[in-house]
Amino acid sequence: MSSTPLHDWELAPAEAIALQRRLAGRVERVDRLDPVRHVAGVDIGFEQGGEITRAAVVVLAWPPAAEGDFVVVEQAVHREPTRMPYIPGLLSFREVPAALAAFDTLTIRPELVMVDGQGIAHPRRLGVASHLGLWLDRPTIGVAKSRLVGRHGEPGTERGDWAPLHDDGPGGEEVIGAVLRSRQGVKPVFVSPGHRLCLETSVGWVVACLGKTKLPEPTRLADRLASRRDQKRR
DNA sequence: GCGACAG
DNA sequence: ATCTTGTCGC
């Protein structure tokens, strides 16, 4: 899939919204993946007051050495001038270009990618995780720290418990994600299918990638690298 | 017109 | 997202 001319954010919204509507829904979803050898995590951070966009990708070997014990086999950082402001619902146009550039520098092509943000739990069912998956042509899962759209009940208190995230669609109410208790006694994370995967499989992978913290390892490590918290410690 | 609103 | 120290709790 090629790139899109949406750099002029003063004009981008209308085009972006039309593009998202066109791309969403025509994605086939399966409940299993081909053999997985690598799982990647992606996140975007900012430098210099937001002037610079910093994309980080961390590739982990699959399966882990032990439960929750993952080995980082490659990682990449790509910096570029920020091209759009943050607009709820249009996050992908701000973050995907930089993320793709970071992926271009990798020698490995992960079979699964976890993204910090929503998948189909988005107004037009095409959040940043879905969008990135289409351009990478890889299965993706959205793991967000807060809600963008949808209604939900409180999930159970045990790790792995989850409550469905609902929203109204053209054909009535639909399940667009899961509010997952990734760790006991902590605010849940919002998991939603990005590209190609169905909800149950997405939740299964996120749970399988949990370490000792709230966020799954792929996203947590990418988060640290994007925010320079991996070296910022003194 | 008044909220809500991924990162 | 980012600006930022200590502090409460397992």
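This dialogue reads the salt bridges, pockets and DNA contacts of a predicted model.

Me: Where should one begin with the charged side chains, and how many salt bridges are there?

Reply: The general idea is to look for a side-chain nitrogen of Lys or Arg within 4 Å of a carboxyl oxygen of Asp or Glu. In this structure, that search yields 13 salt bridges. One of them joins Arg79 and Glu47, with 2.6 Å from N to O.

Me: Which parts of the chain does the pair of Arg79 and Glu47 tie together?

Reply: To read such a pair, one places each partner in its element. Arg79 belongs to strand S3 (residues 72–81) and Glu47 to strand S1 (residues 38–47), so the bridge ties together parts that are 32 residues apart in sequence.

Me: Are Arg79 and Glu47 buried or exposed?

Reply: The relative accessible area settles the matter: under 20% is buried, over 50% is exposed, and partly exposed lies in between. Arg79 is therefore partly exposed at 42%, whereas Glu47, at 6%, is buried.

Me: What should be noted about the salt bridge of Glu80?

Reply: The partner of Glu80 is Arg83, and their closest N and O atoms are 2.7 Å apart. Glu80 is buried, with a relative accessible area of 12%, while Arg83 is partly exposed at 23%.

Me: Which residue meets Asp116 in a salt bridge, and where do the two partners lie?

Reply: Asp116 pairs with Lys145, at 2.9 Å from N to O. Asp116 is in strand S4 (residues 112–116), and Lys145 is in the loop between strand S5 (140–144) and strand S6 (151–152), so this pair ties together parts that are 29 residues apart in sequence. Asp116 is buried at 12% relative accessibility, and Lys145 is partly exposed at 37%.

Me: Which residues are joined into one network by salt bridges that share partners?

Reply: Here one follows shared partners from one bridge to another. Glu47, Arg54 and Arg79 are joined in this way into one network.

Me: How does one read a pocket, and what is the volume of the largest one?

Reply: One may take the volume, then the lining, then the classes of residue. The largest pocket holds about 350 Å³ of space. Its lining has 22 residues, and those nearest the centre are Tyr86, Leu91, Gly117, Gln118 and Ala144.

Me: Which element gives the most to the lining of the largest pocket, and how do the residues divide by class?

Reply: Helix H2 (residues 91–104) gives the most, with 3 residues. By class, the lining of the largest pocket has 9 nonpolar, 8 polar and 5 charged residues.

Me: What can be said of the second largest pocket?

Reply: The same reading applies. The second largest pocket has about 260 Å³ of space, and among its lining residues are Glu28, Arg32, Asp34, Glu111, Arg138 and Arg196. The lining divides into 4 nonpolar, no polar and 6 charged residues.

Me: Which residues come nearest to DNA strand B?

Reply: For a nucleic acid, one lists the surrounding residues and then asks which part of the strand they approach. Of the 19 residues around DNA strand B, the nearest are Tyr86, Gly89, Lys145, Ser146 and Arg147. Sugar or phosphate accounts for 51% of the atoms of DNA strand B within 4 Å of the protein, and bases for the rest.

Me: Which residues have an N or O atom beside a base nitrogen of DNA strand B?

Reply: Leu90 has a backbone N or O atom 3.4 Å from a base nitrogen of DNA strand B, and Gln118 has one at 3.2 Å. For His122, an N or O atom in the side chain is 3.5 Å from a base nitrogen. Among the elements, S1 and H2 each give two or more residues to the surface near DNA strand B; the largest share, 3 residues, is that of H2. By class, this surface has 8 nonpolar, 5 polar and 6 charged residues.

Me: Which residues lie around DNA strand C?

Reply: The residues around DNA strand C are Gly45, Phe46, Lys145 and Ser227. A polar backbone atom of Phe46 is 3.3 Å from a phosphate oxygen of DNA strand C. Side chains also take part: an N or O atom of Lys145 is 3.2 Å from a phosphate oxygen, and a polar atom of Ser227 is 3.4 Å from a phosphate oxygen.

Methods
Residues are numbered from 1 along each chain as its sequence is written. Chains are lettered from A and ligands numbered from 1 in the order in which they are written. This is a predicted model: local features need pLDDT of at least 70, side-chain atom pairs count only at pLDDT 80 or more; totals for chains, interfaces and linings use all residues. Side-chain values use heavy atoms; hydrogens and water are left out. Helices (H or I, at least four residues) and strands (E, at least two) are DSSP runs, numbered from the N terminus. Buried means under 20% relative accessible area, exposed over 50%, partly exposed in between (1.4 Å probe, protein chains only). On a 1 Å grid over the protein atoms alone, a cavity is a set of points where a 1.4 Å probe fits but cannot get out, and a pocket is an open set with protein on both sides within 12 Å along at least five of seven lines; lining residues have an atom within 4 Å of a point. Grid points are joined across faces, edges and corners, and a volume is the space filled by probe spheres set on the points. Ala, Val, Leu, Ile, Met, Phe, Trp, Tyr, Cys and Pro count as nonpolar, Asp, Glu, Lys and Arg as charged, and the others, Gly among them, as polar. A residue is near a molecule or strand if one of its heavy atoms lies within 4 Å of it. A polar contact is a pair of N or O atoms within 3.5 Å; within protein, one must be able to donate a hydrogen and the other to accept it, and residues adjacent in sequence count only if both atoms are side-chain atoms.
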